[in-house]
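Work through the exercises below with the sequence and the 3D structure open. Try each task before reading its solution.

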Amino acid sequence: MSGWAGLAWLLLAAAAGAREAPPLQPPEQHPNNASPAESADFGQVYVGTVSRDAERLYAFNYTRKPDQVDAVRVNVRSDSEDLQYPVLFVVRQQKGVLSWQVPLIFRGLYQRSYNYQEVSRTLCPSEPTPESGPSDQTIYVDVASMAPYQVHYALEVTRLKSFELGTNSAFRFKASPSEPQYFLYKFPPEVDSVIVKVASMAVYPCSVVSIQDIVCPVYDLDHNVEFNGVYQSMTKQAAITVQKKDFLGEQFFVVFVIKPEDYACGGSVPASIQGKTNHTWNLQRMKTLEVTVVPSIKESVYVHAILFSFLSFFSFYLGSLVVAFVHYLRSRRKSSSGGASPEDGSGTATSSQPITVSTAEGSSYGAIDESSSSGGQPLSSLGHKTTCGSDTDSSVEEESDFDTMPEIESDKNVIRTKVFLYLSDLSRKDRRIVSKKYKIYFWNIITIAVFYALPVVQLVITYQTVVNVTGNQDICYYNFLCAHPLGVLSAFNNILSNVGHVLLGFLFLLIVLRRDILHRRCLENKDIYTMEYGIPKHFGLFYAMGIALMMEGVLSACYHVCPNYSNFQFDTSFMYMIAGLCMLKLYQTRHPDINASAYSAYASFAVVICLAVLGVVFGKNSVWFWVLFSIVHVVASLGLSTQIYYMGRFKIDLGIFRRAFMVLYTDCIQQCSRPMYMDRMVLLIVGNLVNWSFAIFGLVYRPKDFASYLLGIFICNLLLYLAFYVIMKLRSSERLLPIPLFCIVATAVVWAAALYFFFQNLSSWEETPAESREINRPCILLGFFDDHDVWHFLSAAALFFSFLVLLTLDDDLDSVRRDRIPVF
């Protein structure tokens, strides 16, 4: 019983204590705390003072209507420059808090500080609710400071009437670093993609345009604008393509931030603020901007552009089929009429200078019995004995891959240093071995392409991923006024326009394959015209050129996934190889036995690409690089000229300087004799003058785009050699057939048109991203392709026609004996 009595006594005591406990009271109001909220009106300026002993609280009331977005802007200023005791502004809304201080401090390069005493911020608008009626909202603005003295301030809160942007409607406004702006845009139901275009008459101050989702807080200051969404730096213009599918609410904010310094846009820090002390920098950074949101292209435009790209180049396939069919009909008619007779009456085996005919595999490939030029001994007798068998490889051929007559080295000197050389003098090696030598070009370039392209593809995919994840559109130098995204790609049109290189490169491979098959068939039939007449047919370099054209399209597309300073060499590497292979092919046409091997040629291309990379990295301001490159350029030109002039018989070793001096002394000083090889001398003098001019130009002006400068050297040398070849061909009473003549004219016309569009600069990674966007321009073809895309289309066609020129240029010599075809 005692236990129950004790429990009852405890319960009674607890009840009595509860009745005696005083009720909870709010804390006492101290006179130094903030006064109750002062009711305030929108659009009115409130001036006052605050200190550590007094702060002010304002309440702004308004009524929000259903399905309406209300935007409010708060403008404050203070005359205080004391960074130790700034004025603090805290704005409270229903779902958010925004605060800042005055002076507002921005950090620049090398931690320079810029203080702003006037600040204007837009509050994050509350989301519209589907309520049936209006609702009351209140915004509290708290002004405080820890200063031991009175600090003056001014406050104004306004409701924005022009907060939502319209479609195809330009809106102009002003902004500064401490007065950023942002606006709302809603996608219309029929629009799936828009382009936000921003323009300004002034280059500076540098600004940033950002597209952000409808999320609070809005990042609208220089130090945090890059935290969310997609953004670009800007001087005079910017453009961002926005797709509806990326925003669940089908609306977004367009944010405009002015940077405290112009360094990011290519500007410099003004001389008046070079020190490290703090500076007031208010009205001088104000910028007027104009924003326009326009609908982007529809899906049907993508379909039309893709069809146009493929059908345009498939027309080349159709044209090639027509030409091949006409050629087939002509060959059938010619074979039924007894075939064509060789020219000059010199093509028969019973002529006054008989050709030593063997089998298709004979080592006396194209050798002519020239007793008058070889001391009465037929040159063909100096080769190997005639062999018979199928056209297959053997271990013997591999061991003698590059030279079939090492035991008659002195005879090479006799032949190759004659004043008048004919093709028979330089086509004496076994056809199988020479063909195998040139096939190495084809297999090597495939290996190079695979090993080069795979890491390139991986790298540009990484670049595109970084752009998509970070939203930093300053990484890639697109033409943003004509950059149409597809999937994860930001500029699909720049990639699609490279399809011509791939399609036309493959078509060229098919054309070469057809010629190769016909040539092999003629060899199997022991056709005398194939074995002993015309230019010796070696197709390895042509196959390599076709692969190079296809790879140029692939790598150019990879470069345009994210074009910038660090991957420009992807776009130019195979251009160097194409130019080099064309020069090698042109030289090999009349010098089949002494052309460069694939290994030395590709090693030279590797050196060129290394120079291109060094030039991109060090060529902007380094005088030492340009001096070194100019010396290498001039020395290489002289060395190559010597090799060409003496047909490879001038040895390059430690004694080259003594021999060169002796040649100059005996030929130019002692007797001033006429050059032994006048035509070659004229070509090489002109070529060296052109190359020396390039070297001097580079040394004096030091162009920023070193890769294009180097490519210009290759192209000029190729055009010079091609012009010399055509002139010498016409001078030797040879003629141009209709097909090569048409290809030459088409090449000139298409190249002229292509270069016009090439020089229409639409972006430049030599400048800052903001400066590059100043030269962006809208699309010009189908509303989808820009000038650079047209350059891609035309350059692919021009390269294809150029290759056809080299393939068909000497078709008129197919019925001319090789001892009648001059070498030049």
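**Exercise 1.** Find the disulfide that joins Cys206 to Cys265, and work out its handedness.

Solution. The model is a predicted one. In it, the sulfur atoms of Cys206 and Cys265 are 1.8 Å apart, and the two residues are joined by a disulfide. The torsion about their S-S bond is about 50°, so this disulfide is right-handed. Next, place the two ends: Cys206 is in the loop between strand E15 (193-199) and E16, and Cys265 is in the loop between strand E19 (251-258) and strand E20 (279-280). The pair thus links distant parts of the chain, 59 residues apart. Last, check accessibility against the cut-off for buried, which is under 20%. Cys206 has 0% relative accessibility and counts as buried; Cys265 is also at 0% and is buried.

**Exercise 2.** Repeat the steps for the disulfide between Cys124 and Cys216.

Solution. The S to S distance is 1.6 Å. The torsion is about -75°, so the disulfide is left-handed. Cys124 sits in the loop between strand E9 (118-122) and strand E10 (135-145), while Cys216 sits in the loop between strand E16 (207-212) and strand E17 (230-234), 92 residues apart. Cys124 is buried at 12%, whereas Cys216 is partly exposed at 44%.

**Exercise 3.** Which parts of the chain does the disulfide between Cys476 and Cys562 tie together?

Solution. Cys476 and Cys562 have their sulfur atoms 1.8 Å apart. Cys476 lies in the loop between H5 and helix H6 (492-496), and Cys562 lies in the loop between helix H9 (540-561) and H10, so the bond ties together parts 86 residues apart in sequence. With a torsion of about -95°, the disulfide is left-handed. Cys476 is buried at 2%, and Cys562 is buried at 0%. To finish, the count of disulfides comes to four, and with the bonded cysteines numbered in sequence order the pairing is 1-3, 2-4, 5-7, 6-8.

**Exercise 4.** Test whether the span of helix H5 agrees with its number of residues.

Solution. Helix H5 covers residues 431-470, which is 40 residues. The expected span is 1.5 Å times one less than the number of residues, giving 58 Å. The end C-alpha atoms are 59 Å apart, which agrees. Just after H5, Gly471 takes a positive phi of about 75°.

**Exercise 5.** Which residues form salt bridges with Asp810?

Solution. One partner is Arg590, with the closest N and O atoms 3.1 Å apart. Asp810 is in the segment after H18 and Arg590 in helix H10 (residues 569-590), 220 residues apart. Another partner is Lys729, at 2.7 Å from N to O. Lys729 is in helix H15 (residues 706-731), 81 residues from Asp810. Now compare accessibility: Asp810 is buried at 8%, Arg590 is buried at 0%, and Lys729 is buried at 0%. These residues belong to a network of salt bridges that links Arg590, Lys729, Glu734, Asp810 and Asp812.

**Exercise 6.** Is Arg515, which forms a salt bridge with Asp811, buried or partly exposed?

Solution. The closest N and O atoms of the pair are 2.7 Å apart. Arg515 lies in helix H7 (residues 499-524) and Asp811 in the segment after helix H18 (787-808), so the bridge ties together parts 296 residues apart in sequence. At 22% relative accessibility, Arg515 is partly exposed. Asp811, at 17%, is buried.

How values were computed:
Residues numbered from 1 in each chain as written. Predicted model: local features only at pLDDT ≥ 70, side-chain atom pairs only at ≥ 80, totals over all residues. Heavy atoms only, no water. Salt bridge = Lys/Arg side-chain N within 4 Å of Asp/Glu carboxyl O. Helix = DSSP H or I, 4+ residues; strand = E, 2+ residues; numbered from the N terminus. Buried < 20%, exposed > 50% of the residue type's maximum accessible area, 1.4 Å probe, protein only. Disulfide = S-S within 2.5 Å.
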